[in-house]
Amino acid sequence: MTKAFERPKALADVQQHYCPGCTHGIIHRLVAEAMDCLDINGKTVGVAPVGCAVFAYNYFNCDMQQAAHGRAPAVATGVKRVHPDNIVFTYQGDGDLAAIGTAEMIHAAARGENITIIFVNNAIYGMTGGQMAPTTLAGQVTQTTPYGRNTQTQGYPISVCEILATIEGVAYLERVSVDNVKNIRGAKKAIEKAFRYQKEDKGFTLIEILSTCPTNWGLTPLESLDWLRDNMMPHYPLGIFKDKGEDKA
Amino acid sequence: MSEKLLMKGNEAISEAAIQAGCRYFFGYPITPQNEIPAYMSKRMPKVNGLYLQAESEVSAINMVYGAAGAGARVMTSSSSPGISLKQEGISYIAGSELPCVIVNIVRGGPGLGGIQPAQSDYFQSVKGGGHGDYKLVVLVPSSVQEAVDMTIEAFDIADMYRMPVMILGDGLLGQMMEPVVFKSYEPRQILEKTWGTTGTEGKRKPNIINSLYIDPKDLEDKNIERFERYKYIEKNEVQVEVVDCEDVDIVLIAYGTMARVVKSAMKIAREQGYKVGVIRPLTVWPFPTEAICKVARTAKAFLTIEMSMGQMVEDVKLAVNGQKPVYFYGRTGGMVPTPNDIVEEIKKISGGEKL
Ligand SMILES: Cc1ncc(C[n+]2csc(CCOP(=O)(O)OP(=O)(O)O)c2C)c(N)n1
Ligand code: SF4
């Protein structure tokens, strides 16, 4: 009998703490599957953020470091420079990466730091109870934009892939989603490609994954997927924003 | 390798780190420590090491965190405003039990302050600085040679106790040129860093570098365990120089470059017939409480001299514990007390003006 479905080796056999229907769980699985595919578990060092994924250090079967809020790319830089042969990734939410950690993100990219950032964009601060994030859409209601995000006073959402695409040191940028089976497959392929590029010393790679937060969006898991498709995708179009590898090929 | 070299304090500290096996340095420019990154950027590539200029002190210290967690000997340096920015990272490093060396070439503050030497970061270095229950070992050299010896020792102390160690200097020490000798380095202990994130290679369980303990009991246990280590350090790592303190009226207490001025003052005062001695802490945490307490039994008064509005004086008072009066004299903002200023203070205290 062949097993049709089993836990990836790179995913630890522990219960995760994510809310029911939250897509963080799917993304963890994809990262682990990509590690399995490339057989890099023993070489990988992950960096966990501050955010809902803070416990990610318990969820992957590889060495892990937990970083201060937003500092994961700097921490990953330290790890990677000491062990250039390791595969080093960070797993970060939008608040972590694109608000408090903007400088660390941009400068890791500018240095062409040979690391991979798994960027989970759910347009909200999940862990602290649903406040406005740098990626919160115009008009979106959150705990701290109770009347909807007013771009006149609360500014505009940040598009990470579009910003990073202007930077020379970046090797690969893709925005993917995990709202349906086809997109999940695409997301896995993108993560795998990023890790492969890192293995090949191509430089900085970042995969932005549109993700849901049913709890703080105040929607059911299924409604959340619809909300992601109807609201996030038009503003954050899926696709490849930079691919140095393919440019060369 | 034992010939005498003439070196600036900042450069000597950098070379000492390299001699101690440090191969990773993460920095950011700020006066008066710029000679350290400059030296590192020149020397590191020659020894297969890394100099990286970060985008901020915040990033630099987090790179230190990552590198230390990956098992490397690693250092960063800065001056007061930059060290303030590093405090979050220092707290995480302490909480995650990682060894590293941090150099603070102090300048006047608060705020942007000035660029002249000061000792006004004592509280920040010794009493915490960042959030939470933690300590740094803080070494306070007063000569370029001592800066070299202490920098080398700092890496051993950091590894041995798995904690950050700070070299607390000032602009005078950083800029002055003195002859130094680099002895061949002998580590205190050879420690294998089995806890580092080097990749499991499928041969062991994952190593995790972390300071989060969501269960309060776990966090309390962790802090208690760390403070047990601190107690041991307080017993074993205190360094202090006690100069002629038997049978004296006034004991002068100062650290770092200030202690050099104070020793000159002691000489002048003695020539004028005043019975004074000097206590110079070489570590300000752990603080030489016992040595001071002992001298307090026989001395009549203490005078703490600092380039600040009075910070270490609080620890001196705790050590003297009410046995004798403790006076303070300081200049701040980059002003340096002269030997004669200090002799004047000695006269005031002796003349009863202050008693
Ligand atoms: C320095 C600092 N500031 C604020 C916080 C509080 N905090 C914890 S998680 C978080 C936001 C996380 O949001 P995001 O990065 O979007 O990740 P998500 O939880 O949505 O996955 C904040 C502000 C903190 N831990 N540290
Ligand atoms: S709060 Fe939101 S992002 Fe966090 S686990 Fe719950 S659903 Fe997921």
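# Two ligands and a chain interface

In this predicted model, a backbone N or O atom of Asp96(A) lies 2.8 Å from an oxygen atom of ligand 1. That contact is a useful place to start. A second aspartate, Asp94(A), places a polar side-chain atom 2.7 Å from an oxygen atom of ligand 1. Asn122(A) also takes part through its side chain, where an N or O atom is 3.1 Å from an oxygen atom of the ligand. On its own, ligand 1 has 590 Å² of accessible area, and the protein covers 76% of this.

The view can now widen to the whole shell. Ligand 1 is surrounded by 17 residues, and the closest are Cys52(A), Asp94(A), Asp96(A), Gly126(A) and Met127(A). Helix α4 of chain A, residues 94-100, gives the largest share of this shell, with four residues. Sorted by class, the shell has eight polar, six nonpolar and three charged residues. As for its position, ligand 1 lies between chains A and B.

Ligand 2 has its own set of surrounding residues. Among them are Tyr18(A), Cys19(A), Cys22(A) and His24(A), and further along the chain Cys213(A), Pro214(A), Thr215(A) and Asn216(A). Cys52(A), Asn122(A) and Gly126(A) also belong to the shell of ligand 2; Cys52(A) and Gly126(A) were named above among the closest residues to ligand 1, and Asn122(A) for its side-chain contact with that ligand. The largest share of the shell around ligand 2 is three residues from helix α9 of chain A, which spans residues 214-217. This shell holds six nonpolar and five polar residues, and no charged ones.

The two chains themselves remain to be described. Their contact involves 35 residues of chain A and 33 residues of chain B. Together the chains bury about 2,500 Å², with 57% of that area on carbon and sulfur atoms. Four salt bridges are counted between them. One of these joins the side chains of Arg71(A) and Glu88(B), at 3.1 Å from N to O. There are also 19 residue pairs in polar contact across the interface, counting pairs with both residues at pLDDT 80 or more.

On the side of chain B that touches chain A, the elements giving two or more residues are the strands β2 (24-27), β3 (50-53) and β9 (208-209) and the helices α3 (57-69) and α4 (80-95). The largest share, eight residues, comes from α3(B). By class, this side of chain B has 16 nonpolar, twelve polar and five charged residues.

Conventions: Residues numbered from 1 in each chain as written. Chains lettered and ligands numbered in written order. Predicted model: local features only at pLDDT ≥ 70, side-chain atom pairs only at ≥ 80, totals over all residues. Heavy atoms only, no water. Near = heavy atom within 4 Å. Polar contact = N/O pair within 3.5 Å; in protein donor to acceptor, adjacent residues only side chain to side chain. Areas by Shrake-Rupley, 256 points an atom, 1.4 Å probe, with all protein chains shown as cover. Nonpolar A, V, L, I, M, F, W, Y, C, P; charged D, E, K, R; others polar. Contact = heavy atoms within 4.5 Å. Buried area = accessible area lost by both parts, 1.4 Å probe.
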